[in-house]
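Student: I have a new structure open and have not looked at it before. Can you walk me through it?
Tutor: Yes, ask away once it is on the screen.

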Amino acid sequence: MFDSILFDLDGTLWNAVPQVARSWTLGLEQLGIAREPITAQELFPCMGLLLPDIVDRLLPGLEPGEQERVIAHCCAVENDYLARHGAQLYPGEEEALAALGKKYSLFVVSNCEKGYIEAYFQGSGMGKYFTDFESAGNTGLPKSENIRLVVRRNGLRSPVYVGDTALDHKSAVEAGVPFIHAAYGFGKAESVPVIQALGELEGLLETLKK
């Protein structure tokens with residue numbers, strides 16, 4: 001039934017919240033912006049949002065030009081930090097991706113900044129399993145449009161999108177792509193097939209063929 005799997009990144013392929021909080025705290029210090037250190041608990045509800053929306057929550061009231069400066073600098077610090085240090089992968093991730101890659105083409109589509117997916121590839125060593133990727137930071141497009149873009153660019157006939165939030169579900173529906181909820185991640189989705197671990201995905205896909 002399926003020829004390809006498109007994955008969300010945060011909450012689906014890794015949990016980088018503590019590392020992102022550290023790197024953004026460092027970036028703000030470098031910019032001379034005074035505020036309490038960003039915590040993982042504070043950042044957690046922001047995962048999956050577009051960057052301007054995240055900055056609005058962390059630093060409300062910034063002028064647009066200052067917001068752009070903060071995003072550019074902190075994202076550069078974050079990508080460098082994650083590429084060097086990595087973040088928490090989900091249990092059995094490499095084994096699951098290796099097995100899935102023998103049957104399906106694998107992709108990443110995320111609302112993240114430019115360079116973040118590449119930082120995941122480098123910091124985790126998982127890049128070898130993926131054919132292509134796209135992000136809001138690269139295109140300026142919403143996730144639904146980036147899903148469509150990857151599908152068209154790679155000539156995919158029967159893709160499925162795997163993500164952890166209601167926004168991921170909505171984006172997949174808007175793109176006309178079936179959705180599977182990674183229930184171990186950051187968010188919730190209703191009335192869709194569910195996996196509790198990445199290792200369950202291959203079996204679920206086989207079941208959905210029938």
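Student: Let's start with T165. Is it buried or exposed?
Tutor: T165 is buried, because its relative accessible area is 14%, under the 20% that sets the limit. Keep in mind that this is a predicted model.

Student: Where does T165 sit?
Tutor: T165 is in the loop that runs between β6 (159-163) and α9 (166-175).

Student: And what does T165 touch?
Tutor: Leaving out residues up to four places away in sequence, T165 touches F179, H181, G187, K188 and A189.

Student: Let me follow up on F179. Which element is F179 in?
Tutor: F179 belongs to strand β7, residues 179-182. F179 counts as buried because its relative accessibility is 6%.

Student: What are the contacts of F179?
Tutor: Beyond four places in sequence, F179 touches a list of residues that includes V160, Y161, V162 and G163. T165 is in that list too, along with A189, V192 and P193, among others.

Student: How far is F179 from P193 in space?
Tutor: Their C-alpha atoms are 7.4 Å apart, with the two positions 14 residues apart in sequence numbering.

Student: What about the loop after β7?
Tutor: One residue to look at there is S191, in the loop between β7 and β8 (194-195). S191 has a positive phi, near 60 degrees, and S191 is not a glycine.

Student: Why bring up the sign of phi?
Tutor: Because most residues other than glycine have a negative phi. As for accessibility, S191 counts as exposed, because its value is 80%.

Student: Changing topic: the helices. What is the span of α1?
Tutor: The end C-alpha atoms of α1 are 21 Å apart. That agrees with the expected value, because 15 residues at 1.5 Å a residue should span 21 Å.

Student: Which residues of α1 are buried?
Tutor: They are V17, Q19, V20, A21, S23, W24, T25, G27, L28 and L31.

Student: What do those pack against?
Tutor: The buried residues of α1 pack against β2 (14-15), α2 (40-43), α3, α4 (64-85) and α6 (116-124).

Student: Pick one of them, say A21. What is A21 in contact with?
Tutor: Apart from neighbours within four places in sequence, A21 is in contact with I38, T39, A40 and L43. The C-alpha atoms of A21 and T39 are separated by 5.7 Å, and the two are 18 residues apart along the chain. A21 is buried, given a relative accessible area of 3%.

Student: What comes just after α1?
Tutor: G32, which takes a positive phi of about 75 degrees. Just after α6, G125 also takes a positive phi, about 80 degrees.

Student: Which residues of α6 are buried?
Tutor: In α6 the buried ones are Y116, I117, A119, Y120, F121 and S124.

Student: And α4, what can you tell me about L82 there?
Tutor: L82 is in helix α4, and L82 counts as buried because its relative accessibility is 0%. With neighbours within four places set aside, L82 is in contact with W14, A16, Q19, V20, A87, Y116, A119 and G123.

Student: How far is L82 from V194?
Tutor: They are 28 Å apart, C-alpha to C-alpha, and 112 residues apart in sequence.

Student: New topic: cavities. How many of 30 Å³ or more are there?
Tutor: One. The largest cavity holds about 240 Å³ of space. It is lined by 21 residues, and those closest to its centre are D10, M47, G48, L49 and I54.

Student: Which elements give two or more residues to that lining?
Tutor: α1 (17-31) and α3 (51-58). By class, the lining has eleven nonpolar, four polar and six charged residues.

Student: Last topic: how many disulfides?
Tutor: Zero. C46 is in none, and the nearest cysteine sulfur, in C75, is 13 Å away.

Student: Why is C112 not bonded to C75?
Tutor: Because the sulfur of C112 is 9.0 Å from that of C75, its closest cysteine sulfur, which is too far for a bond. A disulfide needs the two sulfur atoms within 2.5 Å.

Student: Are C46 and C112 buried or exposed?
Tutor: C46 is buried, with a relative accessible area of 2%. C112 also counts as buried, at 7% relative accessibility.

Key: Residues numbered from 1 in each chain as written. Predicted model: local features only at pLDDT ≥ 70, side-chain atom pairs only at ≥ 80, totals over all residues. Heavy atoms only, no water. 1 Å grid on protein atoms, 1.4 Å probe; cavity = no way out; pocket = protein on both sides within 12 Å on 5 of 7 lines; lining within 4 Å. Points joined across faces, edges and corners; volume = space filled by probe spheres on them. Helix = DSSP H or I, 4+ residues; strand = E, 2+ residues; numbered from the N terminus. Nonpolar A, V, L, I, M, F, W, Y, C, P; charged D, E, K, R; others polar. Buried < 20%, exposed > 50% of the residue type's maximum accessible area, 1.4 Å probe, protein only. Contact = heavy atoms within 4.5 Å. Expected span 1.5 Å × (residues − 1).
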